[in-house]
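Student: I've got this model open and would like to learn how to read its fold. Can we go through it together?

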Amino acid sequence: MQYCNDEIIIRGIDLPVNVGVPEAERVTQQVLQADISLRPSRDFATMRDDIAMTIDYDAVAKRMRALAASRPRQLIETLAAEMAEVLVTEFGAHSASVELRKRILPGVDHVAVRTTSSLGSR
């Protein structure tokens, strides 16, 4: 099966989370930012201007916020992997890349992690 090279990109999703290695850090909610890139299972030209043929951006943003808030985590790496997997399994993307940014270190704009999941890697 050939997949398309078209992408849907959602940038700067705010994700309220409880995350951090020390327990004291997880007590206070932080806001991470996520960029998501989705490769749909069909190319844009075959969607025939039918919203049912694409991935619902609003549903993606809401699901990512709900997933992030669902439980505390120590690592943003864990959350990024969970998000990418959900995007492939629940939204029918052929592949999904997630970048998470966290503002935590003094004198550093942010730290970031990026991961990709795809139908072929499951």
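Student: What share of the contacts with a separation of 6 or more lies between residues 24 or more positions apart?

Tutor: A contact means heavy atoms within 4.5 Å. Here, residues 24 or more positions apart account for 59% of the contacts in the protein with a separation of 6 or more. Keep in mind that this is a predicted model, where local features need pLDDT of at least 70, side-chain atom pairs count only at pLDDT 80 or more, and totals for chains, interfaces and linings use all residues. Numbering starts from 1 along each chain as its sequence is written, and side-chain values use heavy atoms, with hydrogens and water left out.

Student: Which elements do I meet going from the N terminus?

Tutor: Helices (H or I, at least four residues) and strands (E, at least two) are DSSP runs, numbered from the N terminus. In this protein the run is β-α-β-α-α-β-β, so to read the sheet you need the pairing too: two strands pair if DSSP finds at least two bridges between them. The 4 strands make an open, antiparallel sheet ordered β1-β2-β3-β4.

Student: Why is one side of β1 and of β4 left without a neighbour?

Tutor: β1 (8-17) and β4 (111-118) are at the edges with a single partner strand each, so one side of each has no neighbour in the sheet. For β4, 8 bridges link it to β3 (residues 93-102); Ala-96 has Ser-117 in β4 as its bridge partner.

Student: Where does helix α3 lie?

Tutor: Angles run from 0 to 180 degrees between N-to-C directions, with axes fitted to C-alpha atoms, for helices over the stretch in contact. Helix α3 (residues 76-91) lies across β1, β2, β3 and β4, at about 155° to β3.
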